[in-house]
Amino acid sequence: MKLLEERILSEGTVKPGGILKVDSFLNHQLDPQLLYEMALELRRLYAGEPINKVLTIEASGIALASLTGFVLGCPVVFAKKSKTRNISDALYSVEVASFTHGNTNTVVVSKEYLHAGDRVLIVDDFLATGAALVGLKSLVEQAGGSVVGAGIAIEKAFQGGGDRLRAQGLRIESLARIASMGDDSLEFCR
């Protein structure tokens, strides 16, 4: 998606350790118009697929997932990184390692919100190693639902998670795919 690539080039910052900082428009300060355009593109990419739910993981994926749910006309569920007291014990859970945070979380979704027969689009801001997608896919499968595919804002293709999951049959549509990143350089896949 050209518009997203342009924003990454103009406002993104490459940090040591394979980190791309896009705080000014995607995951700290949000650009709602850009997010809306991204959601419309995900709707176009998944046109014709019966989707009745969007699933993401807190926190950075929630904005894009919400707008995607809005344009698809379906609810959005987000996996929480910890069980709070207001969630019942009836939940699906899975361990998910975070590349950016360098930790592992037990993420949970209440059994009230994922069901057998659900056709789920997973949406997230980044795809690096694929751990979040694997975890979210597991939650859907625990519920007896099926994953239609994944919509990703930015895929760091050089980290291999997307290729590995595509090889396993998961449809992944990434709006921007980064082939390589260096200290002050960034190259998109073509």
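Okay, let's start inside the fold, with helix α4, residues 62–72. A63, L64, A65, T68, G69 and V71 are its buried residues. What do they pack against? Their neighbours are α3 (32–45), β3 (53–57), β4 (76–79), β7 (119–127) and β8 (146–156). Right after α4 comes G73, with a positive phi of about 75°. Keep in mind that this is a predicted model.

Just ahead of α4 there's something to look at on your screens. The loop between β3 and α4 holds A59, and the peptide bond from E58 to A59 is cis, with omega near 5°. As a reminder, most peptide bonds are trans, and most residues other than glycine have a negative phi.

Now α3, which I just mentioned as a partner of α4. α3 has 14 residues, and from first C-alpha to last it reaches 20 Å, close to the 20 Å you'd expect at 1.5 Å a residue. Which of its residues are buried? Those are L34, L35, M38, A39, L42 and L45. Look down the axis of α3 and these buried residues sit within an arc of 140°, so they line one face of the helix. Over on the other side of α3, P32 and R44 are exposed. As for what covers the buried residues, the list includes α1 (2–11), α2 (23–27), α4, β7, β8 and β9 (172–181).

Next helix: α5, residues 131–143. With 13 residues at 1.5 Å each, α5 should span 18 Å, and its end C-alpha atoms are 19 Å apart, which agrees. Buried here are A132, L133, G135, L136, L139, V140 and A143. Down the axis of α5, those residues fall within an arc of 165°, so again we have buried residues lining one face of the helix. After α5 you run into G144, and its phi is positive, near 90°.

Let's zoom out. The chain has six helices and ten strands. How does the radius of gyration sit with a compact globule? For 190 residues such a globule would come out near 16 Å, and the chain has 16 Å, which agrees. The C-alpha trace spans about 45 × 35 × 35 Å along its principal axes. Of the 190 residues, 45% count as buried. If you take contacts with a separation of 6 or more, 61% of them come from residues 24 or more positions apart. The accessible surface is about 9,100 Å², and carbon and sulfur atoms own 50% of that.

Since we're at the bench a lot, cysteines. How many disulfides does a search of the whole structure find? Zero. For anyone who wants the refresher, a disulfide is a covalent bond between the sulfur atoms of two cysteines. Is C74 buried or exposed? C74 has a relative accessible area of 12%, so it falls under the 20% cut-off and is buried. C189, at 23% relative accessibility, counts as partly exposed.

One last stop, out at a loop. G102 lies between β5 (91–98) and β6 (103–110). Why does G102 count as exposed? Because its relative accessibility is 64%, and the cut-off for exposed is over 50%. Where is G102 relative to L30? The two are 72 residues apart along the chain, and their C-alpha atoms are separated by 24 Å.

That's the tour, so over to you.

Technical notes
Residues are numbered from 1 along each chain as its sequence is written. This is a predicted model: local features need pLDDT of at least 70, side-chain atom pairs count only at pLDDT 80 or more; totals for chains, interfaces and linings use all residues. Side-chain values use heavy atoms; hydrogens and water are left out. Helices (H or I, at least four residues) and strands (E, at least two) are DSSP runs, numbered from the N terminus. The expected span of a helix is 1.5 Å times one less than its number of residues. Buried means under 20% relative accessible area, exposed over 50%, partly exposed in between (1.4 Å probe, protein chains only). The arc is that of the directions from the helix axis to the C-beta atoms. The radius of gyration is taken over C-alpha atoms; the globule rule is 2.2 Å times the number of residues to the power 0.38. Contact means heavy atoms within 4.5 Å. Accessible areas come from the Shrake-Rupley method with a 1.4 Å probe; for residues, only the protein chains shown count as cover. A disulfide is a pair of cysteine sulfur atoms within 2.5 Å.
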